[in-house]
Amino acid sequence: NNGSGATNTSNYNVPGIFNLDVGDTNWVITSSFIIFTMQTGFGMLESGCVSIKNEVNIMMKNVADVVLGGLTYWMFGFALSFGSGPCTTPFMGCGNFFVDPTVNDPLMGPINAAFLFQLSFATTATTIVSGAMAERCNFKAYCLFSFLNTVVYCVPAGWAWGEHGFLNRLGYVDIAGSGPVHLIGGSSALASAMMLGPRLGRYDMGNEPLPLGSPVNAVMGLFVLWWGWLAFNSGSTYGISGAKWHYAARAAVQTMMGSFGGGCIGLGYSMFLREGRLDIMDLINSILGSLVSITAGCFLYQSWEALLIGTVGAIVACVSMPLIDKMGIDDPVGASAVHGAAAIWGVIAVGLFADNPEPLDTTSGRSGLFKGGGWYMLGVQTLGAFCLCTWGILSTCLILWLVGKIVPIRMDPYDELIGADLTEHHIRHGQVGVSRAISALRPFYHATADIEDIKNVGSNPGKHRKMDTDAVR
């Protein structure tokens, strides 16, 4: 999220990096549309990773993230990230609440484009958390958490990208959000998984990953995320005017180069560790880990550097996943490892490999340690990773603690055994053991009478009754 622009004359006093000409605005809006499709990718990936009896529930949580998180970002999130009112501090922006430039505002288009782009980033950051809370989080509690979770993202986004932010003023560099989006999302996911505890019976038979509910959905989700990531990184040039279009193209190429390195690691790691068998989640999460790690400096690297950074990011993700399981932290989709651990490497890698992208002022004229820039940038990047990770964990714990005072954050054990699709949404899947669970729990579970008569998804009871009647005749 680095760029440059003209002097701002809007009533909202949006920072200069959001002043866009017509071509830049078109680029930013188009990128925002594509980034929004990443919600589909997250939904498909997460629904593919959980058991079938919870796949609708996880999709509904993704919808809640967009609707509730988007609303609060419009209300106050954008203001806390990029507000420039009199109460603004290096820690938090203030002002520009309820973004709504008038038709007479000469910057109506750029303001709306900038808001839409930042909104797409905010909803992505909040959606990362839903996978780590899958299969045991109370849906009502999750909706309340999603409404408040905007705070977890928007404050550190201001540190990194707002003109007021203390990290930005120190020279922290993060083009497309390895830190403010992925590290915040990953650390928040880790805190959420810790506070919820593991799924019932998760570690009774060891630490090995559970079978996927829909491997095809998971792989399709990877492809949609891969597609959206190109807009995520290329769009963060904030336009194509001047020299920006050169770096937008470079960002796309290096994003792909990083993912190539990650994919190769996923193939090799899985086949070596599993005696020639390719594990789907090893490959998916290695590619996603490489994409996360390349995001911070996507147009600051040469191709071989992008390949190396993606490779290391994939290794970090693949190694972190089993370590987190050994700690007893149940993260069904590996968000803590992919978006957390790999993001730390991605943020630090900028301090090692970054070029000075002349004539853009993305790095304020600095270069990474290996490019003769000294230790300063590496130090700032490391400080940024520490601050973002600490904020993500502590703020999430606080919000979940407050939510837990209002409504239990953990599902009832009987609801968890039967599945959230049936208990929360009255959607009953066939041939996944739901009927057996209901029968077994009937003496103990007060709500079985309410759900026993719910028909299987896709069934037509009236048609079946008519067929039975005709057969008798």
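A salt bridge is taken here as a side-chain nitrogen of Lys or Arg within 4 Å of a carboxyl oxygen of Asp or Glu. In this predicted model, the side chains of aspartate 325 and arginine 202 satisfy that criterion, with an N to O distance of 3.6 Å. Aspartate 325 belongs to helix 12, whereas arginine 202 sits in the loop between helix 8 and helix 9, so the pair ties together parts that are 123 residues apart in sequence. Aspartate 325 counts as buried because its relative accessibility is 13%, and arginine 202 likewise counts as buried, at 5%.

A search of the whole structure yields nine salt bridges. One of them joins glutamate 135 and arginine 199, at 2.5 Å from N to O. This pair, too, links distant parts of the chain: glutamate 135 is in the loop between helix 4 (108-132) and helix 5 (139-148), and arginine 199 is in the loop between helix 8 (178-196) and helix 9, 64 residues apart. Both glutamate 135 and arginine 199 are buried. A network of salt bridges links Glu135, Arg199, Arg202, Asp325 and Asp330. A further salt bridge is formed by aspartate 355 and lysine 371, whose closest N and O atoms are 2.8 Å apart. Aspartate 355 and lysine 371 both lie in the loop between helix 13 and helix 14 (376-406), so this pair ties together parts that are 16 residues apart in sequence. Lysine 371 is partly exposed, with a relative accessible area of 27%.

Aspartate 325 also appears in the description of the largest pocket, which has a volume of about 670 Å³. The pocket is lined by 32 residues, of which Glu208, Pro209, Arg274, Met281 and Asp325 are the closest to its centre. Helix 10 (244-273), helix 11 and helix 12 (303-326) each give two or more residues to this lining, and helix 12 provides the largest share, seven residues. By class, the lining comprises 18 nonpolar, three polar and eleven charged residues.

The search of the whole structure finds one cavity of 30 Å³ or more. The largest cavity holds about 80 Å³ of space, and its lining includes Phe42, Ile128, Asn285, Val333 and His339. Helix 2 (38-49), helix 11 (280-295) and helix 13 (335-353) each supply at least two lining residues. Seven residues of this lining are nonpolar, three polar and one charged.

Helix 9 (residues 215-234) has 20 residues, which at 1.5 Å a residue should span 28 Å; its end C-alpha atoms are 29 Å apart, in agreement with that expectation. Buried residues of helix 9 include Leu222, Trp226, Trp229 and Phe232.

How values were computed:
Residues are numbered from 1 along each chain as its sequence is written. This is a predicted model: local features need pLDDT of at least 70, side-chain atom pairs count only at pLDDT 80 or more; totals for chains, interfaces and linings use all residues. Side-chain values use heavy atoms; hydrogens and water are left out. On a 1 Å grid over the protein atoms alone, a cavity is a set of points where a 1.4 Å probe fits but cannot get out, and a pocket is an open set with protein on both sides within 12 Å along at least five of seven lines; lining residues have an atom within 4 Å of a point. Grid points are joined across faces, edges and corners, and a volume is the space filled by probe spheres set on the points. Helices (H or I, at least four residues) and strands (E, at least two) are DSSP runs, numbered from the N terminus. Ala, Val, Leu, Ile, Met, Phe, Trp, Tyr, Cys and Pro count as nonpolar, Asp, Glu, Lys and Arg as charged, and the others, Gly among them, as polar. The expected span of a helix is 1.5 Å times one less than its number of residues. Buried means under 20% relative accessible area, exposed over 50%, partly exposed in between (1.4 Å probe, protein chains only).
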